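Colleague: I would like to learn how to read an assembly such as this one, going feature by feature.

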Amino acid sequence: MSKFKTKKGKGSAAINTSSLPDIIFMLLFFFMVTTTMREVTYKVKMKLPEATEIQKLEKKSLVSYIYVGPPVNSKTFGTNTRIQLNDQFAVVDDIQEFVANDRQKRPEADRQKVTFSLKVDSETRMGIVTDIKQELRKAGAFKINYSSRRARDKN
Amino acid sequence: MARKAPEINAGSMADIAFLLLIFFLVTTTMDVDTGITRKLPPPVEDLEQEIDVKERNVLKVLVNSRNRLMVNGKFVDISMLKETAKDFMAIHPDNPDYPEVQPKFIDELNREVMTSKGIISLKNDRGTSYAMYIAVQNELAAAFNEMKNELSVSLFGIKYTQLVNEDKIKGINKAIPVRVSEAEPEDIGGQ
């Protein structure tokens with residue numbers, strides 16, 4: 001019955017994996033530092049326009065987002081352009097309230113420094129964007145950012 | 001001699017770390033937010049009070065619902081917009097076809113520079129596509145950035161984007177203010 005003899009000493013030695021946790025932890029910390037938490041689930045599709053003269057938004061904590069585009073779930077919500085504030089669809093009239101609520105959440109010193117980033121699908125008509133801008137003006141939020149991607153060189 | 005504490009089995013440490021790693025990979029995003037930053041004007045209280053600006057000081061940029069561009073009454077291709085804007089905003093003393101110029105003493109630069117009184121007025125239709133609007137904003141921003149670059153090179157020998165001195169940056173921004181005004185919305189061309 002020695003057909004199934006275990007081969008001892010012949011196989012290659014096991015790799016020492018004692019430093020594996022350290023490597024993984026290093027990766028973990030790298031990702032924790034370089035990334036930020038996802039804040040909302042997108043309910044609208046956005047293909048951002050391209051631009052060359054773009055600036056980085058430095059402080060993510062001082063940015064609020066307004067998403068505009070056709071709904072992701074077009075079977076239920078149709079294909080008309082919709083506005084998304086926080087986690088739900090909204091209409092133009094909700095923006096003033098959204099800005100007011102956003103102010104309430106922030107410390108007093110930061111309230112005037114907030115930038116509103118407009119993440120708008122490039123196929124959108126300007127009418128809705130103009131309406132949003134008018135509402136923001138009325139609400140006293142003057143710093144805005146037209147979110148766009150860096151254009152690849154055409155050459 | 002006290003007995004040594006038995007060693008803890010650390011074999012599953014890697015699994016725990018992997019779990020955490022995957023959790024963070026899924027819940028976080030890495031995208032850097034970039035875009036064109038603009039400042040909106042405060043709301044106008046009474047429309048009666050019109051600000052008087054001379055005709056020669058305004059470059060009217062219109063975009064219609066078919067994404068066609070018109071600059072001071074002439075159809076222009078988007079590729080020409082940057083040059084047109086730069087030419088318009090450049091200093092042309094004593095030329096009545098261009099905006100007025102005005103000497104201005106800027107403390108940060110400690111010198112007097114000629115500044116243009118020109119304003120670019122941007123007007124778009126409700127039917128204009130957002131991509132076109134951003135393209136126009138981008139070209140105008142490019143024109144101003146190029147002018148800032150040129151001034152910076154002529155004054156300090158380095159590009160505007162490479163300046164580190166706060167005062168110099170402020171001075172250049174004062175010498176070449178980004179004057180893009182957006183008109184109150186109205187329909188300027190049918191759907």
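Modeller: What follows takes up confidence, then the interface, then the sheets, and throughout you should keep in mind that this is a predicted model.

Colleague: Let us begin with confidence, then: what pLDDT does chain B average, and which of the elements of chain B have the lowest and the highest mean?

Modeller: Where pLDDT is low, the predicted coordinates should not be read in detail. Here chain B averages a pLDDT of 83, and 91% of the residues score at least 70. Among the elements of chain B, the lowest mean pLDDT, 80, belongs to E1(B), whereas the highest, 91, belongs to helix H3 (residues 130-156).

Colleague: Turning to the interface, how is its size expressed, and what is the area buried between chain A and chain B?

Modeller: The size of an interface is often given as the accessible area lost when the parts come together. Between chain A and chain B the buried area is about 4500 Å², with carbon and sulfur atoms giving 62% of that area. Of the area that chain A buries against chain B, 17% is supplied by A:Met126, A:Arg137 and A:Tyr146, which is more than any other three residues supply. Counted by residues, the contact takes 52 from chain A and 46 from chain B.

Colleague: How many residue pairs are in polar contact between the two chains, and which elements of chain A supply the side that touches chain B?

Modeller: The count is 27 residue pairs in polar contact, with both residues at pLDDT 80 or more. Several elements of chain A each supply at least two residues of the side that touches chain B, among them helix H1 (20-34), strand E7 (115-120) and helix H4 (126-139). The largest share of that side, 11 residues, comes from H4(A). By class, the side of chain A that touches chain B has 25 nonpolar, 13 polar and 14 charged residues.

Colleague: How many salt bridges does the rule find across this interface, and how many does a search of the whole structure find?

Modeller: Across the interface of chain A and chain B there are three, while the search of the whole structure finds nine over all chains. In one salt bridge the side chain of A:Asp131 meets that of B:Arg126, at 2.9 Å from N to O. In another, the side chains of A:Lys119 and B:Asp33 meet at 3.1 Å, N to O. Because A:Lys119 lies in strand E7 of chain A and B:Asp33 in the loop between E1 and strand E2 (34-39) of chain B, this pair joins two chains.

Colleague: And the strands: what is the order of the sheet of seven strands, and which strands stand at its edges?

Modeller: Strands of a sheet pair through backbone hydrogen bonds, either parallel or antiparallel. The open sheet of seven strands has mixed pairing and the order E3(A)-E2(B)-E8(A)-E7(A)-E4(A)-E5(A)-E6(A). E3 and strand E6 (88-90) of chain A stand at the edges with a single partner strand each, so one side of each is left without a neighbour in the sheet. Within this sheet, strand E4 (residues 63-69) and strand E5 (residues 82-85) of chain A run antiparallel and are joined by three bridges, with A:Val68 opposite A:Ile83 in E5(A).

Colleague: Where else do strands of chain A and chain B join, and do they run parallel or antiparallel?

Modeller: E1(A) is joined by two bridges to strand E1 (residues 28-29) of chain B, and the two run antiparallel. There A:Thr36 stands opposite B:Thr29.

Methods
Residues are numbered from 1 along each chain as its sequence is written. Chains are lettered from A and ligands numbered from 1 in the order in which they are written. Side-chain values use heavy atoms; hydrogens and water are left out. Contact means heavy atoms within 4.5 Å. Buried area is the accessible area (1.4 Å probe) that two parts lose on being put together, summed over both. A salt bridge is a side-chain nitrogen of Lys or Arg within 4 Å of a carboxyl oxygen of Asp or Glu. A polar contact is a pair of N or O atoms within 3.5 Å; within protein, one must be able to donate a hydrogen and the other to accept it, and residues adjacent in sequence count only if both atoms are side-chain atoms. Helices (H or I, at least four residues) and strands (E, at least two) are DSSP runs, numbered from the N terminus. Ala, Val, Leu, Ile, Met, Phe, Trp, Tyr, Cys and Pro count as nonpolar, Asp, Glu, Lys and Arg as charged, and the others, Gly among them, as polar. Two strands pair if DSSP finds at least two bridges between them. pLDDT is the predictor's confidence in each residue, from 0 to 100.
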